[in-house]
Amino acid sequence: MRNFLPAAWQTILKGELEKPYFQALASRLDKRYLEKPDGVFPAKHQIFNAFEWCSWQDLKVVILGQDPYPTKGHANGLCFSVASDVKPLPKSLHNIFKERKTDLQLPDLPNGNLEQWAKQGVLLLNSVLTVEEGKPDSHKNWGWEQFTDVVIQKIATEKEQVVFILWGAKAQKKASQIDPAKHLILKAVHPSPLAAHRGFFGCKHFSKTNAFLRMVGAREIQW
């Protein structure tokens, strides 16, 4: 499984990949993908797509999600993102796009694939990187949380002036690992239909991110 993680990130996370918990996680996942080849998401080669499309060198924004969409054909390894042909969009992503449009006065994007954000330095990271069909949170406590904690810690410690966008209570738990004197932390409720009206709409995280990037002399994200 680790072979799907880009070489540069393997170097950065080498110590973590060799720990017993990660070895156990990889073995458990290998078994599940063999048992349910069409029922674990995303596809095995897409598990680390967040790292594939966002290099360590270019990274300047982190958006943190929970776990992949548990619907066949949706998850593509980037949090909140879906494959280009998915219609209609998942409701959380629909609300993200609604806020983007209101905040930035931009036309709708052609589809829900967020690779173009990732390629500009946005790490679209889920706390848990795999899930089983129809079972949200099914890989909770398998070890992914420990791995993604370390990813956040590495970024927060070794990089400067990163924007961390934390939507929802689960994502906000990772705020304790981030020094607000070094980075910008943006928090809002989750964009799901159950919560979005309680503060996600109107949070203006897209424009706030770009204002911060301008201030520190970094290139803005073309959202």
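Colleague: What makes up the area that the chain exposes?

Modeller: The chain exposes about 10,500 Å², and carbon and sulfur atoms supply 52% of it. The areas come from the Shrake-Rupley method with a 1.4 Å probe; for residues, only the protein chains shown count as cover. This is a predicted model: local features need pLDDT of at least 70, side-chain atom pairs count only at pLDDT 80 or more, and totals for chains, interfaces and linings use all residues. Residues are numbered from 1 along each chain as its sequence is written, and side-chain values use heavy atoms, without hydrogens and water.

Colleague: Why is the chain called as compact as a globular protein of that length?

Modeller: The globule rule is 2.2 Å times the number of residues to the power 0.38, and the radius of gyration is taken over C-alpha atoms. For 223 residues the rule gives 17 Å; the chain's radius of gyration is 17 Å, so the description holds.

Colleague: Why is N76 called buried?

Modeller: Buried means under 20% relative accessible area (exposed is over 50%, partly exposed in between; 1.4 Å probe, protein chains only). N76 has 5%, so N76 is buried.

Colleague: What makes the pair of N76 and the backbone nitrogen of L78 a polar contact?

Modeller: A polar contact is a pair of N or O atoms within 3.5 Å; within protein, one must be able to donate a hydrogen and the other to accept it, and residues adjacent in sequence count only if both atoms are side-chain atoms. The N76 side chain reaches that nitrogen at 3.3 Å. A polar atom of the N76 side chain also lies 3.3 Å from the backbone oxygen of V82.
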